[in-house]
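Subject: Structure handover

Hello,

Here is the structure I promised, with the sequence. My notes follow below it.

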Amino acid sequence: MRIEPLTQAHERGGFRCGVPSFDKYFRAQAGRDAAKSLAAIFAGVLPEGKLAGYYALSAAAVLLPDLLGGPQRLVSRYPVLTAARLTRLAVDKRHRGQGHAAVLLADALNRLRASPVRPMAVIAEIPNETARHFLEHAGFQVLLDQPNRAFRVLQTAPNREAS
Ligand SMILES: CC(C)(COP(=O)(O)OP(=O)(O)OC[C@H]1O[C@@H](n2cnc3c(N)ncnc32)[C@H](O)[C@@H]1OP(=O)(O)O)[C@@H](O)C(=O)NCCC(=O)NCCS
């Protein structure tokens, strides 16, 4: 799968991940948000040219007390952390279960790590139970007081490469 910045050239009309708000956003809004730099949106394109999935990132800040566990001690002098928000990550229903979501997530994390203003943590939205399980499986923890969001501290080690 090739992962590249979303452009108007990507055919998004047939994309279906099953979460209506994610599908509607990708089909109707994502192109404009990308063009205006309101979000960083990347498309996963299969060798035959079909769109397998996408993810969207934006900037965020998070209060340290909102996080759980170990990271608090690591950064306790800094009550507000710079963070990135993974607002959406989705794989088309026809291409599920083939590791595409894992590759998209690894690509997102690697891009953030490579940034000169590398965020301390990534915050992801949790639209449903499938997403919660996927994110927890990927090492995210649910935010203490926001059950619809999960975070993961951004470590420096490289993650799985896109293939
Ligand atoms: C969640 C979603 C992205 C997973 O896509 P996918 O292509 O089936 O996932 P992958 O095949 O890449 O699986 C990646 C890993 O997550 C695990 N996984 C996938 N779905 C899972 C689930 N529902 N529960 C637990 N683990 C899950 C896989 O076992 C795999 O584990 P591994 O890396 O140890 O082998 C997909 O179901 C989707 O698009 N859902 C709708 C949109 C959505 O809810 N997005 C929110 C995600 S933050």
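Start with α3. Its buried residues are His-100, Ala-101, Val-103, Leu-104, Leu-105, Ala-108 and Leu-109. The cover over these residues includes β1, β2, β3, β4, β5 and α4. The length of α3 checks out: 15 residues at 1.5 Å each should span 21 Å, and the end C-alpha atoms are 21 Å apart, so the two agree. Please keep in mind that this is a predicted model.

**Overall layout**

The chain has 163 residues, and 32% of them count as buried. It holds four helices and seven strands. Read from the N terminus, the order is β-α-β-β-α-β-α-β-α-β-β. Take the contacts between residues at least 6 apart in sequence: 67% of them join residues at least 24 apart.

**Around the ligand**

Which residues come nearest to the ligand? They are Arg-96, Ala-101, Ala-102, Ala-131 and His-133, out of 23 residues around it. Three elements give two or more residues each to this shell: β4 (80–91), α3 (100–114) and α4 (129–137). The largest share comes from α4, with six residues. By type, the shell has 13 nonpolar residues, nine polar and one charged. Ala-101 thus appears twice in these notes, as one of the residues nearest the ligand and as a buried residue of α3.

**Helix α1**

α1 covers residues 20–35. At 1.5 Å a residue, its 16 residues should span 22 Å; the end C-alpha atoms are 22 Å apart, so this agrees too. There is also a kink of about 60° in α1, centred on Gln-29.

Which residues of α1 are buried? Phe-22, Phe-26, Ala-30 and Ala-34. They pack against β1 (2–5), β2 (40–45), β3 (51–63) and β4.

**Ser-37**

Ser-37 follows α1. Its place is in the loop between α1 and β2. Ser-37 is not a glycine, yet its phi is positive, about 60°. Most residues other than glycine have a negative phi. Is Ser-37 buried or exposed? Exposed, because just 7 other C-beta atoms lie within 10 Å, and a residue counts as exposed at 12 or fewer.

**The nonpolar core**

The largest nonpolar core has 43 residues. Tyr-54, Tyr-55, Leu-86 and Val-122 touch the most other members. The elements giving two or more residues to this core are α1, β2, β3, β4, α3, β5 (121–125), α4 and β7 (146–153).

Leu-86 is worth finding in the viewer. Leaving aside residues up to four places away in sequence, Leu-86 touches Tyr-55, Leu-57, Ala-108, Val-122, Ile-123 and Ala-124. Among these partners, Tyr-55 and Val-122 are also on the list of core residues with the most contacts, and Ala-108 is one of the buried residues of α3.

**Three more residues to look at**

*Ala-83.* This residue lies in strand β4. It is buried, because 21 other C-beta atoms lie within 10 Å and 20 are enough to count as buried. What does Ala-83 touch, not counting residues up to four places away in sequence? The answer is Ala-60, Ala-61, Val-62, Pro-119, Met-120, Ala-121, Val-122 and Ile-123. Ala-83 and Val-153 are 70 residues apart in sequence, but their C-alpha atoms are 9.1 Å apart.

*Ala-59.* This residue is in strand β3. Ala-59 has 12 C-beta neighbours inside 10 Å and therefore counts as exposed. That is right at the cut-off, since exposed means 12 or fewer. Ala-59 and Thr-82 are 23 residues apart in sequence and 7.9 Å apart in space, C-alpha to C-alpha.

*Arg-94.* This residue sits in the loop between β4 and α3. Arg-94 is exposed, with 10 other C-beta atoms within 10 Å. Its C-alpha atom is 8.5 Å from that of Cys-17, and 77 residues separate the two along the chain.

Best wishes

Terms used
Residues numbered from 1 in each chain as written. Predicted model: local features only at pLDDT ≥ 70, side-chain atom pairs only at ≥ 80, totals over all residues. Near = placed C-beta within 6 Å. Nonpolar A, V, L, I, M, F, W, Y, C, P; charged D, E, K, R; others polar. Expected span 1.5 Å × (residues − 1). Bend = angle between axes of the 7 residues up to and from the residue. Contact = placed C-beta atoms within 7 Å. Core = buried A, V, L, I, M, F, W, Y, C linked by C-beta atoms within 7 Å.
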